[in-house]
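Trainee: Before we discuss this model, could you put the sequence and structure in front of us, so that each answer can be followed on the atoms themselves?

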Amino acid sequence: MDKYVRLRPFTDIEVCECEVVDRLLLVYMFTNNPINCFRCRKEIDPERLGITGVMCDSIARCFSVYGSLYRLWIDSGEYEEYAKKKLLDSKGEVNVLGMKLAKELSLQWPTYYWWFHDTDDGKPTHCPCCGDQLNEEVFWGTGKCDNCRVIV
């Protein structure tokens, strides 16, 4: 079986075409592939990066859970508050694993993890991990923490 199949983009419409990929962004955007180019925010085929099969499986598992929680939150039903609590929990399994994956990928490409926030809660000003003030000079999101490699 193709080691990249679990993360392979479904379509070429949202595929990164940047000549050089120098930074990554792990972000759930309703697809199986959360690996995005930091510059254009489009999906990057993991084969282009040469990511190992083990790493592909870990990313797919993490973002399958993340996506399930996100869809429960979006549904605004019985599980909305539960899902939101899990997506915001800095010690919760999905965020701990997402941060770990970003750290491992950062050994080769500086990688940021896109942290969930509910816009109904206002604009975040501090890192959800370390509590430091977010740097608001970002192209995507509302702020970033370079120490934790988080974008909110």
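Mentor: This is a predicted model, and we can begin with arginine 149, which has a relative accessible area of 22% and is therefore partly exposed.

Trainee: In which loop does arginine 149 lie, and what is its phi near?

Mentor: Most residues other than glycine have a negative phi. Arginine 149 lies in the loop between β4 and β5, and its phi is a positive value in a residue other than glycine, near 60°.

Trainee: Phenylalanine 30 also has a phi worth asking about, so where is phenylalanine 30 found, and what is its phi near?

Mentor: Phenylalanine 30 is found in the loop between β1 and β2. As a residue other than glycine, phenylalanine 30 has a positive phi, with a value near 65°.

Trainee: Turning to the sheet, what is the order of its five strands, and which are the edge strands?

Mentor: The sheet is open, has mixed pairing, and runs in the order β2-β1-β3-β5-β4. An edge strand pairs on one side only, and this description applies to β2 (35-37) and β4 (144-145).

Trainee: In what sense do β1 and β3 pair, and what direction does helix α4 make with that of β3?

Mentor: Strand β1, residues 24-26, and strand β3, residues 111-114, are joined over three bridges in the parallel sense, and leucine 25 stands opposite tyrosine 112 in β3. Helix α4, residues 93-105, packs on the sheet and touches β1, β3 and β5 (150-151), while its direction makes with that of β3 an angle of about 165°.

Trainee: Is lysine 84 buried or exposed, and which residues does it touch beyond those up to four places away in sequence?

Mentor: Lysine 84 is found in helix α3, residues 80-88. Since buried means under 20% relative accessible area, the 12% relative accessibility of lysine 84 counts as buried. Not counting residues up to four places away in sequence, lysine 84 touches Trp73, Phe116, Asp118 and Asp121.

Trainee: With which residue does lysine 84 form a salt bridge, and how many residues apart in sequence are the parts that the pair ties together?

Mentor: Lysine 84 forms its salt bridge with aspartate 121, where the closest N and O atoms are 2.8 Å apart. Because lysine 84 lies in helix α3 and aspartate 121 in the loop between β3 and β4, the pair ties together parts whose separation in sequence is 37 residues.

Trainee: How far apart are the closest N and O atoms of glutamate 104 and lysine 100?

Mentor: Both residues lie in helix α4, four residues apart, which is about one turn of the helix. Glutamate 104 counts as partly exposed at 32% relative accessibility, and lysine 100 is partly exposed at 46%. In the salt bridge between glutamate 104 and lysine 100, the closest N and O atoms are apart by 3.2 Å.

Trainee: How many salt bridges does the structure hold, and which residues are linked in a network of them?

Mentor: The structure holds seven salt bridges. A network of salt bridges links Asp22, Arg23 and Arg39.

Trainee: Finally, which residues make the nonpolar surface patch of about 300 Å²?

Mentor: Leucine 72, one of these residues, is found in helix α2, residues 53-75, and is partly exposed with a relative accessible area of 31%. The patch of about 300 Å² is made by Leu72, Tyr79 and Tyr82.

Notes
Residues are numbered from 1 along each chain as its sequence is written. This is a predicted model: local features need pLDDT of at least 70, side-chain atom pairs count only at pLDDT 80 or more; totals for chains, interfaces and linings use all residues. Side-chain values use heavy atoms; hydrogens and water are left out. Patches are made of residues with over 30% relative accessible area and no salt bridge: like charges are joined within 9 Å, nonpolar side chains (Val, Leu, Ile, Met, Phe, Trp, Tyr) within 5 Å. Accessible areas come from the Shrake-Rupley method with a 1.4 Å probe; for residues, only the protein chains shown count as cover. A salt bridge is a side-chain nitrogen of Lys or Arg within 4 Å of a carboxyl oxygen of Asp or Glu. Helices (H or I, at least four residues) and strands (E, at least two) are DSSP runs, numbered from the N terminus. Buried means under 20% relative accessible area, exposed over 50%, partly exposed in between (1.4 Å probe, protein chains only). Two strands pair if DSSP finds at least two bridges between them. Contact means heavy atoms within 4.5 Å. Axes are lines fitted to C-alpha atoms, for helices over the stretch in contact, and angles run from 0 to 180 degrees between N-to-C directions.
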